[in-house]
Amino acid sequence: MTAHEIDYQIYGAEMQYVEIELDPQEAVVAEAGSFMMMNDGISMNTIFGDGSNQDKGILGKLFSAGKRVLTGESLFMTSFLNTSAFGVKKISFAAPYPGKIVPIDLTNYRGKFICQKDAFLCAAKGVTIGIEFSKKLGRGLFGGEGFIMQKLEGDGMAFVNAGGTLARKELAPGEILRVDTGCIVGFTQDVDYDIEFVGGIKNTLFGGEGMFFATLKGPGIVYVQSLPFSRLAGRVIAALPNGGNSKGEGSILGSIGDLLDGDNRF
């Protein structure tokens with residue numbers, strides 16, 4: 001194996017975190033801001049990219065970091081190494097919003113898994129976090145994920161986030177699953193991902209579900225989330241007083257009505 005072999009356990013229901021066990025000299029890489037807690041004896045190091053090109057000089061490091069910029073992530077990741085000579089050390093990473101943490105064993109998916117750009121949480125050191133370009137113009141323009149998605153490659157464990165409740169769908173050859181474009185968490189490399197026009201003037205203009213579905217054609221495995229973070233954030237912003245152009249939630253009393261029912265407090 002090229003990736004470090006790690007053990008893990010996921011805790012929690014709606015707000016989960018993953019606890020990873022590191023043997024001496026084992027390491028894990030994680031997105032900045034996902035760290036929760038760790039035992040003494042683990043050292044932290046900020047690195048360019050995912051750490052997979054750290055031994056290939058400055059050009060390798062810049063290439064690794066550049067891929068992350070294209071997916072909307074920061075230039076840096078954090079590596080956590082068990083520097084203790086004896087004993088297993090534990091480190092935990094928390095999901096950034098309510099939902100589920102999905103463990104992805106890349107050896108079960110022939111070394112590659114494709115996910116949305118902000119789904120990655122952490123992985124065993126040696127897993128490559130790269131970019132997956134859309135080869136279809138319509139999918140890139142209207143697919144909700146743009147032209148670029150993340151791809152996780154290697155033979156180790158990786159962990160991704162899913163908002164709300166998680167659905168795992170195993171598609172037979174030729175089987176098609178239609179999904180809201182923002183609800184895709186990720187899928188295996190054999191799945192054919194495209195977009196499809198909703199159809200109908202009323203559906204398009206007044207349906208409230210957007211103009212396009214994502215279509216996922218088997219064979220392969222697809223992970224779907226019930227509450228994408230963008231949808232959650234949009235609802236929160238819309239509920240803020242004046243933050244989402246609030247007009248008193250439709251009350252003829254407006255802000256006075258909010259004060260009376262307790263939504264706004266001094």
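The following is a short dialogue about a predicted model.

Colleague: How are residues numbered, and which pLDDT do local features need?
Modeller: Residues are numbered from 1 along each chain as its sequence is written, and side-chain values use heavy atoms, with hydrogens and water left out. In this predicted model, totals for chains, interfaces and linings use all residues, side-chain atom pairs count only at pLDDT 80 or more, and local features need pLDDT of at least 70.

Colleague: How many helices and strands are there in the protein?
Modeller: Both are DSSP runs, numbered from the N terminus: helices are H or I with at least four residues, strands are E with at least two. By that rule, the protein has five helices and 19 strands.

Colleague: What percentage of the residues count as buried?
Modeller: Buried means under 20% relative accessible area, exposed means over 50%, and partly exposed is in between (1.4 Å probe, protein chains only). The protein has 266 residues, and the buried part is 43%.

Colleague: Among contacts between residues at least 6 apart in sequence, what percentage join residues at least 24 apart?
Modeller: A contact means heavy atoms within 4.5 Å. For the contacts you describe, the part that joins residues at least 24 apart is 75%.

Colleague: What is the strand order in the open sheet of four strands?
Modeller: Strands pair if DSSP finds at least two bridges between them. The pairing here is antiparallel. Strand 1 (7-11) and strand 4 stand at the edges with a single partner strand each, so one side of each is left without a neighbour in the sheet. The order is 1-2-7-4.

Colleague: What is the average twist from one strand to the next in that sheet?
Modeller: Axes are lines fitted to C-alpha atoms, for helices over the stretch in contact, and angles run from 0 to 180 degrees between N-to-C directions. In the sheet with the order 1-2-7-4, the twist averages 20°.

Colleague: Which residue of strand 2 stands opposite Tyr11?
Modeller: Strand 1 and strand 2 pair in the antiparallel sense, over five bridges. Opposite Tyr11 stands Tyr17.

Colleague: Is Ser92 buried or exposed?
Modeller: Ser92 lies in strand 7. Leaving out residues up to four places away in sequence, Ser92 touches several residues, including Tyr17, Glu19 and Met36. Its relative accessible area is 2%, so Ser92 is buried.

Colleague: Which strand gives the largest share of the nonpolar patch?
Modeller: A patch is made of residues with over 30% relative accessible area and no salt bridge; like charges are joined within 9 Å, and nonpolar side chains (Val, Leu, Ile, Met, Phe, Trp, Tyr) within 5 Å. Phe35, Met36, Met37, Met38 and Met44 make this one, about 460 Å². Met36, for one, is partly exposed at 39% relative accessibility. Four residues come from one strand (residues 35-38), namely strand 4.

Colleague: Which residue forms a salt bridge with Glu19?
Modeller: A salt bridge is a side-chain nitrogen of Lys or Arg within 4 Å of a carboxyl oxygen of Asp or Glu. For Glu19, the closest N and O atoms are 3.8 Å apart, and the partner is Lys90. Glu19 lies in strand 2 (residues 17-22) and Lys90 in strand 7 (residues 89-94), so the pair ties together parts that are 71 residues apart in sequence. Glu19 is buried at 13%, whereas its partner is partly exposed at 34%, and that partner is Lys90.

Colleague: How far apart in sequence are the parts tied together by Asp190 and Arg110?
Modeller: These two form a salt bridge, with the closest N and O atoms 2.4 Å apart. Asp190 is partly exposed at 43%, and Arg110 is exposed at 56%. Asp190 lies in the loop between strand 16 (184-188) and strand 17, and Arg110 in the loop between strand 8 (99-105) and strand 9 (112-115), so the parts are apart by 80 residues.

Colleague: What is the strand order in the open sheet of three strands?
Modeller: The pairing is antiparallel. Strand 15 (176-180) and strand 17 (192-197) each have a single partner strand, so they stand at the edges. The order is 15-18-17.

Colleague: Which residue of strand 18 is the bridge partner of Phe197?
Modeller: Strand 17 and strand 18 (residues 212-217) run antiparallel, joined by six bridges. The partner of Phe197 is Phe212.

How values were computed. Accessible areas come from the Shrake-Rupley method with a 1.4 Å probe; for residues, only the protein chains shown count as cover.
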